[in-house]
Amino acid sequence: MIKMPHVIPSYSRFPVTFVRGEGVVLWDDEGKTYLDFLSGIGVNNLGHCHPKVVAAIREQAGRLIHTCNLYRIPLQEELAKALTDSCFAEQVFFCNSGAEANEAAIKLARKTMYERKQSHRHEIITANNGFHGRTLATLTATAQDKVQKGFAPLPAGFKYVPYNNPQAVEQAVGENTAAIMVEPIQGESGIVIPDVDYLPALRDIADRHDLLLIYDEVQTGMGRTGRFWCHQHEQAAPDIMTSAKALASGIPMGACLTTAKVASAFSPGSHGSTFGGNPLACASALATVSVINGDGFLDAVAEKGAYLLDGLKKIAANHKMVIDVRGRGLMAGIQLNSPAEETVSICLSRGLLVSCQMGTIIRMLPPLIVEKEEIDKALAIFGGVLNDLF
């Protein structure tokens with residue numbers, strides 16, 4: 001672990017310093033190049049320094065960076081329109097991160113029940129091994145001991161069930177339940193893809209019990225899976241949805257999207273975020289959305305994702321230590337039958353960035369602008385590492 005005397009050691013860091021990025025490629029301070037198949041953990045969906053994003057940031061930075069939410073912010077209104085046009089939602093609350101967006105979703109669900117004169121309904125059902133953030137409420141929503149350990153007492157009002165198991169959700173619903181909160185694909189747990197009828201079944205449970213359905217699309221949204229939002233593969237819309245990571249291509253930004261009916265539970269003073277939706281972040285996000293909405297962009301993501309998965313499955317066929325390859329769009333998980341950290345470290349030394357999840361799973365999240373030739377190079381590096389290790 002790299003020691004930095006003046007930085008709190010809350011991250012285990014590799015001894016690499018990146019100084020420049022363009023598209024899928026990063027350069028370190030010694031001039032070595034790397035294929036970034038992690039995208040800053042799903043942030044750089046348009047790659048590094050996309051020209052349209054850079055131009056929008058430069059123009060806006062020279063005009064106005066920040067005012068505050070006490071005044072109208074036209075770019076915020078324009079972005080909210082663009083995002084709601086992409087999905088079920090009608091209104092948006094802007095913040096700075098995925099955790100903050102999920103905090104807003106949890107508060108909005110509870111406030112909705114309060115406004116319905118059902119304040120006893122405060123409980124949120126979440127899924128084992130999900131990930132919703134590291135603030136106190138969102139780490140409690142995150143049903144993982146390693147995330148929660150050492151932070152007791154945790155906020156009350158969360159109940160955990162197995163992922164991809166609607167029967168368990170049905171059994172967990174009680175008189176105090178306010179909402180069900182899940183990721184359409186579990187990203188931090190190693191790209192766990194549910195059955196095709198999972199989200200529709202949750203939608204049905206929510207409707208029958210008059211609950212709110214919340215999707216955490218912090219990692220799966222913004223085109224990552226070949227649709228603008230992952231849940232659109234199943235056509236099972238939620239009541240509340242969160243976004244962040246790739247929303248503004250690297251400028252910190254989160255969003256909580258919902259219907260006008262649910263949003264009405266919030267009024268001035270109910271919730272807030274000092275930097276949320278400031279002009280600079282909105283300009284970057286609007287440029288990002290315009291690229292994703294370009295002709296054929298999402299179809300290309302789906303095609304390149306299938307190409308990547310096909311290549312990974314061919315590698316897996318020749319390596320018994322690979323026990324599963326799964327994914328959707330440009331979101332792939334490769335499960336090994338042994339610890340994956342060394343594989344990740346050697347990939348880095350050979351110029352390929354990937355990450356290790358849950359100890360034995362390799363996660364790949366290449367930028368959506370990746371070319372097939374770059375996928376071929378990454379597959380060659382990854383296959384070579386497996387050849388040498390096993």
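The paragraphs below describe a pocket, the cysteines and one loop glycine in a predicted model.

We can begin with the second largest pocket, which encloses about 720 Å³ of space. Its lining is made up of 26 residues, and those closest to the centre of the pocket are Asn69, Gln76, Val92, Phe93 and Phe94. Several secondary structure elements contribute to this lining: helix H3 (74–85), strand E4 (91–95) and strand E10 (254–258) each provide at least two residues. The largest share belongs to H3, with 5 residues. In chemical character, the lining of the second largest pocket divides into 11 nonpolar, 12 polar and 3 charged residues.

Turning to the cysteines, the structure contains 0 disulfides. Cysteine 356 illustrates this: the closest cysteine sulfur, that of cysteine 347, lies 11 Å from the sulfur of cysteine 356, which is too far for a bond because a disulfide requires the two sulfur atoms to be within 2.5 Å. Cysteine 356 is partly exposed, with a relative accessibility of 23%. Cysteine 49, for its part, has a relative accessible area of 52% and so counts as exposed, the cut-off being over 50%.

Last comes glycine 269, found in the loop that runs between helix H9 (260–263) and helix H10 (279–292). Its relative accessibility is 78%, so glycine 269 is classed as exposed. Between glycine 269 and threonine 84 there is a sequence separation of 185 residues, and their C-alpha atoms are 23 Å apart in space.

Definitions and conventions:
Residues numbered from 1 in each chain as written. Predicted model: local features only at pLDDT ≥ 70, side-chain atom pairs only at ≥ 80, totals over all residues. Heavy atoms only, no water. Helix = DSSP H or I, 4+ residues; strand = E, 2+ residues; numbered from the N terminus. Buried < 20%, exposed > 50% of the residue type's maximum accessible area, 1.4 Å probe, protein only. 1 Å grid on protein atoms, 1.4 Å probe; cavity = no way out; pocket = protein on both sides within 12 Å on 5 of 7 lines; lining within 4 Å. Points joined across faces, edges and corners; volume = space filled by probe spheres on them. Nonpolar A, V, L, I, M, F, W, Y, C, P; charged D, E, K, R; others polar.
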